[in-house]
Amino acid sequence: MMRSLSWLRRSLYSLVNEIPGSLEPTDESADQRRTQSLKNKNKLRVCLPLMPLLLRAEKIAESAARPWSLADNTVSGGDTIPQQEEACKGNCDKKKTNKKLPICKEAPRKWRNLSYHWSTQARHPSAPKLSSLGASMAAALALAALLPFLLYLLLKPIHSFLWRPYRLHLHFQAQRVRGPPRRPPSGNASDIRALIASAQSSPIPSFHHDIVSRVAPHYHAWSAAYGRIFVFWFGSRPRLAIGDPALARAVLMDSSGDFEKTGFNPVSRQLFGEGLVGLKGPKWVQHRRIVSPAFHMERVKCWVPTIAACTLKMLEKWVKNGENSYEFEVDVHKDFHNFTADVISQVAFGSSYDDGKQIFQWQEELMLLVSVSIRSLYIPALRFVPTKKNRRRWSLSRKINESLENLIQVRGRECENSQNLLGLMLSANKNEGEEQIGIKEIIDECKTFYFAGKETTANLLTWVILLLALHQDWQSKTREEVICVCGSENLPNAEDLSKLKLLGIVLKETLRLYPPAVALNKLTSRNVKLGKLNVPAGTQIYIPTISIHRDADTWGADANDFNPSRFSKANAHYTGLFFPFGQGPTICVGQTLALVEAKVAVAMILQKFKFSVSPSYVHAPMLLLTLQPQFGAQVLFKRI
Ligand code: HEM
């Protein structure tokens, strides 16, 4: 009992010590500090009153547990009585037969209280009774001390999982925001999984672009039932879907910090680490400042020859594979993934795809495991359980980190003075003070760019080639433009790219209909007003980009059709309602690279090939962190 009490007191003590803000300053924003300090106050309110009670109970338990005799001068366990006590032993012995309490006046004050029980035990015939009385007193005191703590443990889940969601539910209901019924403990997470599984069980019968019901079936079903603004639940946390374009824009454009990034749970963090995509607050500002210059247009233009060389490598492989046939099939989805991996390896890290090939493969496997966990309710302790999936995730994560560390060491020296991403980060590593970033942070940024730079752009390329393969009229028009601007043999150069207007609007229309990032999530950092809605702090905002990009009021009755010319008119009313790269302060840092990469690759494909959708292609767009074809993208190519 004594050990448990002591452990409990020490744990509480370290809990109080760990509370940031209560003891030491942090570098968080004022709002984060305010929220944190509220939580801290609650912790302190529970912990601090327990301390003296626990200390007292611990002492009593200690005394009850350690009968000791003044005669042999030791306590059980071999502790020796201090010398001062030795000095008074003679006096105490004289009173051996005295039934009165044997408190020794000469003993130092701090020992007197303790020796009361010990000496009583040693001399009094009823000592065992007193010992058990002491133990029960200690137990009672301990219980009294623990009661608030136990109550806290009991009430906290009730508050978090029942009371708070119930109040939030009433809060939204009062504002006429409805939604699917919440099913504790998962909320609607299992409904979403079931809807997605059902949507993915069969492909879309024909190649059309009305795909929301397959890609975001939960949004499709619930917005039809409850309107464009509704609330659904992930565990005990509400998610407010905002399908209204104007309100969505207000959320994305906010720069006051009311709507912040949602952040990642520790499982998703394995994929991105503490990279830019998941960072918030001052750390995000610092990393964004370091990373942004690597993606400015002037820098990206310098990479055009590298991108063209990577494209040529891919096309030569296609030609070789289809050497003996008039027409040949390529699953472009696979090849575009290798291509974008090659480009990001070279432009961001100065290495070839082969150097990082293994890392990409591990990242892809990790992505599959993480995307499964994102759709499930996050239960903190479960990630420590050595299940097969968890062990694989740990092993992949460890291997990726080690390989990136090696790559940085090998490439680092060569990159140090270059202006690629790794070079910029390594120079920042040498800075002092606020602008310095550590090797661990560089590794995490590399992970982010390997993922963000490869997945999204590969998917954009996949969809644009499929759409041009389907819409032959647009394929012909765009090819004419490319040949007019670049010729039929020359590689496109940086100056050519701005002249490829038709190709530009084809890319935009592809990003409208098939945005690689299907939805955006934000989190309210405090109670906020959104239009007429009062949204409580801690609410996740779900913005269905893919649906807003099809809003008939904005895009017209043909919103689900492929019609790039809608972007050719100076349509000011689209501004802010088309956001494949996000909007506002956290807008995609790599968008210029993505668009330049796509323009170069598509222009070169158009120069060399005519293409159409293969009969083996099955139209089945699905969301696996990004929007991709479930069964590949088979396209038939003919050399021009
Ligand atoms: C077609 C290609 C791409 C699409 C559709 C895309 C889309 C997005 C979107 C929607 C966001 C979130 C914006 C927000 O939260 O408001 C984002 C963020 C980001 N993207 Fe991209 N992206 C693409 C390509 C790239 C590339 C090539 C890179 C880098 C090599 C990149 C790096 C990033 C990073 C680092 C962020 C986080 C920005 C921040 O939080 O400050 N992306 N991207």
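A residue counts as near a molecule if its C-beta atom, placed from the backbone, lies within 6 Å of it. With that in hand, the ligand is a handy place to start in this predicted model. The shell around the ligand is made up of 26 residues, and the closest of them are Gly453, Thr456, Gly582, Cys588 and Gly590. Two elements give two or more residues each to this shell, namely helix H18, which covers 439-470, and helix H24, which covers 591-608. Helix H18 is the top contributor, with 7 residues. As for the character of the shell, 16 of its residues are nonpolar, 9 are polar and 1 is charged.

Stepping back, here is the chain as a whole. The chain runs to 640 residues, and 35% of them count as buried. Its elements come to 24 helices and 14 strands. Among contacts with a separation of 6 or more, 73% link residues that sit 24 or more positions apart.

Next come the helix pairs. Two packed helices are described by the angle between their axes and the distance between the axes. Helix H24, already met beside the ligand, also packs with helix H13, residues 304-321. The axes of H13 and H24 come within 9 Å and cross at roughly 45°. Angles under 35 degrees count as roughly parallel, and 65 to 115 as roughly perpendicular, so H13 and H24 end up oblique to each other. Their crossing is right-handed. On the H13 side, the contact involves Val304, Ile307, Ala308, Thr311 and Leu315; on the H24 side, the partners are Val596, Glu597, Val600, Ala601, Met604 and Lys608. Sorted by type, the residues of this contact are 8 nonpolar, 1 polar and 2 charged.

H13 has another partner in helix H14, residues 332-349. Here the angle is about 150° and the axes are 10 Å apart. Angles over 145 degrees count as roughly antiparallel, so that is the label for H13 and H14. This crossing is right-handed too. Thr306, Ile307, Cys310, Thr311 and Met314 of H13 meet Asp335, Phe339, Asp342, Val343, Gln346 and Val347 of H14. The make-up of the contact is 6 nonpolar, 3 polar and 2 charged residues. Ile307 and Thr311 of H13 turn up in the contact with H24 and again in the contact with H14.

Further along the chain, helix H19 (residues 472-486) packs with helix H21 (residues 501-513). Their axes lie 8 Å apart, at an angle of about 140°. Since roughly antiparallel calls for an angle over 145 degrees, H19 is instead oblique to H21. H19 supplies Trp474, Lys477, Thr478, Glu481 and Val482 to the contact, while H21 supplies Leu502, Leu503 and Val506. That contact divides into 5 nonpolar, 1 polar and 2 charged residues.

One residue worth a look by itself is His287, which sits in helix H11, residues 281-291. A residue is buried if 20 or more other C-beta atoms lie within 10 Å of its own; His287 has 22 such neighbours, so it counts as buried. Setting aside neighbours within four places in sequence, His287 is in contact with Leu276, Leu279, Ile437 and Glu445. Of these, Glu445 falls within the span of H18. His287 can also be placed relative to Ile442: the two are 155 residues apart along the chain, yet their C-alpha atoms are separated by 9.7 Å.

Finally, a few spots in the backbone stand out. The loop between helix H5 (127-174) and helix H6 (189-200) holds Pro185, which is joined to Pro184 by a cis peptide bond with omega of about 5°. Arg176 lies in the loop between H5 and H6 as well. Its phi is near 65°, a positive value in a residue other than glycine. Arg176 has 10 C-beta neighbours inside 10 Å and therefore counts as exposed. Leu625 also has a positive phi, near 65°. Leu625 is found in the loop between strand S12 (621-624) and strand S13 (626-629). With 18 C-beta neighbours inside 10 Å, Leu625 counts as partly exposed, because that class lies between the cut-offs of 12 or fewer for exposed and 20 or more for buried.

Conventions
Residues numbered from 1 in each chain as written. Predicted model: local features only at pLDDT ≥ 70, side-chain atom pairs only at ≥ 80, totals over all residues. Helix = DSSP H or I, 4+ residues; strand = E, 2+ residues; numbered from the N terminus. Nonpolar A, V, L, I, M, F, W, Y, C, P; charged D, E, K, R; others polar. Axes fitted to C-alpha atoms, helices over the stretch in contact; angles between N-to-C directions. Left-handed = near helix turned anticlockwise from the far one by under 90°. Contact = placed C-beta atoms within 7 Å.
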